[in-house]
Amino acid sequence: MKSLFLAAAATMIALPALAQTYSIGTNPQGSSAYATGAAVAKVAKDVLNLRARVVPQGGPVVTLPLVDKGRLDFSIAVSVVTAFAHRGAAMFKGKPQKDVRVVAVLRTLRLGIFVAKDSGIDSVADLKGVRLSSGFAKQRIQGLFWRALLNMADLTFKDVKGVPAPNGVRGVDDFMGGKVDAAMFSITSGKMRQALASRGFRYISLPDDPAAVKKLQAIAPGSVVEKISPSPAFAGVTGPTNIMAAPFIITANAKVSDGLVYDLVKAMAANKKMMVAAFKGMSGFNPDKMYVDIGVPYHPGAMRYYRETGQTK
């Protein structure tokens, strides 16, 4: 009888663990971050039989503090924001997020400034005086990226006509509705395909001289100017175009099980085709380059995998 009781008790204790749902915080639906989170969730569900749920929020400025507090297990974020969070700088000034750990580099976030085809706006400098989304109360990183891009031409938000928007998705909607003259968003997102079908646009090619790049990095450290060419993954790119790029990563709370994180990293590395099928933007995912030192600690479970595969010592 005692052994039966102990077995039943053990089962009762194990059931909540089996039923646990792992949360992945992302930007709002329609963003590439949301689609990336969905691709990771698919691997977690189909390969590891885990319950994984994508939780759309206001982006990493919102989700990283939730990860730090353990209210979210994982988050999709950009390296720039994660570095600020770890240091307690910029939008996290005085509030370092010490329990956030990097799990893996998933792909590269590529951001482009786009305008109407007949706008006459051909450079960052031409944005002076035009209508741009501003504020970004629920996605402050969008405002930071805009400030970095404007800084390439020695411009600030004081040099443009700000149109308040809560996040980048609204900025794209306002562009499609004719409320702003230029917008900036992830080139590989579903939202950009929607914009292309709705109104059409063309991208501004960013300056790539050392001085301009230095001005970009002064506000968005870790970002680079990258030249891209037409690709099925890049909606609206019709020729060689300079865009802003930064590593797109998945983070986890430091207390998430080492074994779980190890298994997830290993499963993602072995199932790129599954993630690409879920989101074409994952075509740039490189299983051999999931570790990149961005100055933020990696999760021990992830480090175990990277040491085993020789990505780091």
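**View 1. The lining of the largest cavity holds nine nonpolar, six polar and no charged residues.** The model is predicted: local features need pLDDT of at least 70 and side-chain atom pairs pLDDT 80 or more, while totals for chains, interfaces and linings use all residues. Residues are numbered from 1 along each chain as its sequence is written, and side-chain values use heavy atoms, leaving out hydrogens and water. Nonpolar covers Ala, Val, Leu, Ile, Met, Phe, Trp, Tyr, Cys and Pro; charged covers Asp, Glu, Lys and Arg; the others, Gly among them, are polar. A cavity is a set of points on a 1 Å grid over the protein atoms alone where a 1.4 Å probe fits but cannot get out, and lining residues have an atom within 4 Å of a point. The whole structure holds two cavities of 30 Å³ or more. The largest has a volume of about 160 Å³ (the space filled by probe spheres set on points joined across faces, edges and corners). Its lining counts 15 residues. Nearest the centre of the largest cavity are Asn27, Leu109, Leu111, Gln139 and Gln142.

**View 2. Four elements each give at least two residues to the lining of the largest cavity.** Two are helices: H2 (32–46) and H5 (140–151). Two are strands: E4 (100–115) and E7 (182–186). Helices (H or I, at least four residues) and strands (E, at least two) are DSSP runs numbered from the N terminus. H5 supplies the largest share of this lining, three residues.

**View 3. The second largest cavity has a lining of nine nonpolar, no polar and no charged residues.** It encloses about 50 Å³ of space. Tyr22, Ile24, Val40, Ala44, Leu50, Ala52, Phe74, Leu260 and Leu264 form the lining. Strand E1 (21–26), helix H2 and helix H9 (258–270) each contribute at least two residues to the second largest cavity. H2 also supplies at least two residues of the lining of the largest cavity.

**View 4. The largest pocket has a volume of about 200 Å³.** A pocket is an open set with protein on both sides within 12 Å along at least five of seven lines. Which residues lie nearest the centre of the largest pocket? They are Val105, Arg107, Thr108, Pro247 and Val292, out of 15 lining residues. E4 and strand E10 (241–253) each supply at least two residues of this lining. E4 gives the most, with four residues. By class, the pocket lining splits into nine nonpolar, four polar and two charged residues.

**View 5. Helices H2 and H9 pack at an angle of about 105 degrees.** Their axes lie 10 Å apart. H2 is therefore roughly perpendicular to H9. Axes are lines fitted to C-alpha atoms over the stretch in contact, with angles from 0 to 180 degrees between N-to-C directions. Angles of 65 to 115 degrees count as roughly perpendicular, under 35 as roughly parallel, over 145 as roughly antiparallel, and the rest as oblique. Val40, Val43 and Ala44 of H2 meet Leu264, Ala267 and Met268 of H9. Contact means heavy atoms within 4.5 Å. The contact of H2 with H9 has six nonpolar, no polar and no charged residues. Val40, Ala44 and Leu264 also line the second largest cavity.

**View 6. The axes of H9 and helix H11 (residues 300–308) come within 7 Å.** They cross at roughly 45 degrees, so H9 and H11 are oblique to each other. H9 brings Asp258, Val261, Tyr262, Val265, Lys266 and Ala269 to the contact. H11 brings Pro300, Gly301, Ala302, Arg304, Tyr305, Tyr306 and Glu308. The contact of H9 with H11 has eight nonpolar, one polar and four charged residues.

**View 7. Helices H3 (residues 60–68) and H4 (residues 79–87) pack with axes 10 Å apart.** The angle is about 45 degrees. H3 and H4 are therefore oblique to each other. Pro60, Val61 and Leu64 of H3 touch Val81, Thr82 and Ala85 of H4. Five nonpolar, one polar and no charged residues make up the contact of H3 with H4.
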